[in-house]
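Here's a protein to walk through together, one piece at a time. Keep the model in view and turn it as you read.

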Amino acid sequence: PPAFGPLAKPQADGTPPPPPPPPPVALVAGAGEDLPKAGPLSAEGAVGSTAGGADYSAAELDMLALLLTMVKVLFVQGRLAPLPALINALEPARAGRKLHLTLVRNEHAYYCCVAQLLPSLVATLPLLELPTEQAAGTVHVIGDSHCLPYGWRVIEPLGQKVLLRPVLVTGNSNF
């Protein structure tokens with residue numbers, strides 16, 4: 001039976017059961033709560049292995065790599081809305097582990113970049129929901145991982161809003 005709500009059983013003394021505990025604080029703004037002081041990628045409260053990803057099997061590292069890559073692909077495509085929930089779900093699996101010493105180091109590096117950038121883009125989210133033809137202009141920022149911080153920012157040269165769209169090209173410099 002449910003522990004709380006209209007179908008919850010009263011306590012032995014007849015009083016209603018206590019309310020459920022509050023949901024955990026979201027690690028990324030936009031997924032329930034604002035960023036706490038110990039946000040994503042913080043070493044505070046991190047648990048896990050100190051021997052790299054040795055506590056993950058090769059198959060588990062492969063699955064983690066796919067999920068970390070999903071974060072990168074969604075970001076580059078401008079699909080920012082699902083990212084807070086996905087990052088919050090992935091954080092316990094990667095926090096405190098030395099994934100930079102494993103075969104998923106590149107995927108992990110992109111994930112970390114996106115997780116750190118996302119909170120600064122909350123104000124941009126409504127602009128990304130507009131159809132592309134309604135945008136005043138778009139500038140494509142082409143490059144490797146270093147083009148990501150420019151992505152999905154709005155600048156206003158000459159008073160017109162222009163969206164900076166990242167175009168990820170592995171191994172390329174910024175243009």
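Let's start where helix 2 meets helix 3: their axes come within 11 Å and cross at roughly 130°. Angles over 145 degrees would count as roughly antiparallel, and 65 to 115 as roughly perpendicular, so helix 2 and helix 3 end up oblique to each other. The crossing of this pair is left-handed. On the helix 2 side, the contact is made by L83, I87, L90, E91 and R94, and helix 3 brings H108, Y111, C112, V114 and A115. Sort the residues of that contact by class and you get seven nonpolar, one polar and two charged. Keep in mind that you're looking at a predicted model.

Now zoom in on helix 2 itself, which covers residues 83–94. Its twelve residues reach 16 Å from the first C-alpha to the last, close to the 16 Å expected at 1.5 Å a residue. Which residues of helix 2 are buried? They are L83, P84, L86, I87, N88, L90, E91 and R94. Look at the spacing of some of those numbers with one general idea in mind: an α-helix has 3.6 residues a turn, so residues three or four places apart point the same way. And what covers the buried residues of helix 2? The cover includes helix 1 (58–76) and helix 3 (105–117). Just past the end, helix 2 is followed by G96, whose phi is positive, near 80°.

Helix 3 has another partner to show you. The axes of helix 1 and helix 3 come within 8 Å and cross at roughly 45°. That's not under 35 degrees, the cut-off for roughly parallel, so helix 1 and helix 3 are oblique to each other as well. Here too the crossing is left-handed. Helix 1 makes the contact with A65, L68, T69, V71, K72 and F75, while helix 3 uses E107, H108, Y110, Y111, V114 and L117. By class, that contact divides into eight nonpolar, two polar and two charged residues.

One residue worth stopping at is H108, which sits in helix 3. Is H108 buried or exposed? With 8% relative accessibility, H108 counts as buried, because the cut-off for buried is under 20%. Leaving out residues up to four places away in sequence, H108 touches L68, R94, L99 and H100. You've already met L68 in the contact of helix 1 with helix 3, and R94 in the contact of helix 2 with helix 3.

Time to zoom out. The protein has four helices and three strands, and along the sequence they follow the pattern α-α-α-α-β-β-β. Of its 175 residues, 33% count as buried. If you take the contacts with a separation of 6 or more, residues 24 or more positions apart account for 65% of them.

Finally, wander over to the strands and their loops. Most residues other than glycine have a negative phi, but two residues here go the other way. W152 has a positive phi near 65°, and you'll find W152 in the loop between strand 1 (138–143) and strand 2 (153–155). L158 isn't a glycine either, yet its phi is positive, about 55°; L158 lies in the loop between strand 2 and strand 3 (162–168). How do their surroundings compare? W152 is buried, at 2% relative accessibility, whereas L158 is exposed, with a relative accessible area of 91%.

Definitions and conventions
Residues are numbered from 1 along each chain as its sequence is written. This is a predicted model: local features need pLDDT of at least 70, side-chain atom pairs count only at pLDDT 80 or more; totals for chains, interfaces and linings use all residues. Side-chain values use heavy atoms; hydrogens and water are left out. Helices (H or I, at least four residues) and strands (E, at least two) are DSSP runs, numbered from the N terminus. The expected span of a helix is 1.5 Å times one less than its number of residues. Buried means under 20% relative accessible area, exposed over 50%, partly exposed in between (1.4 Å probe, protein chains only). Contact means heavy atoms within 4.5 Å. Axes are lines fitted to C-alpha atoms, for helices over the stretch in contact, and angles run from 0 to 180 degrees between N-to-C directions. A crossing is left-handed if the near helix is turned anticlockwise from the far one by less than a right angle, and right-handed if clockwise. Ala, Val, Leu, Ile, Met, Phe, Trp, Tyr, Cys and Pro count as nonpolar, Asp, Glu, Lys and Arg as charged, and the others, Gly among them, as polar.
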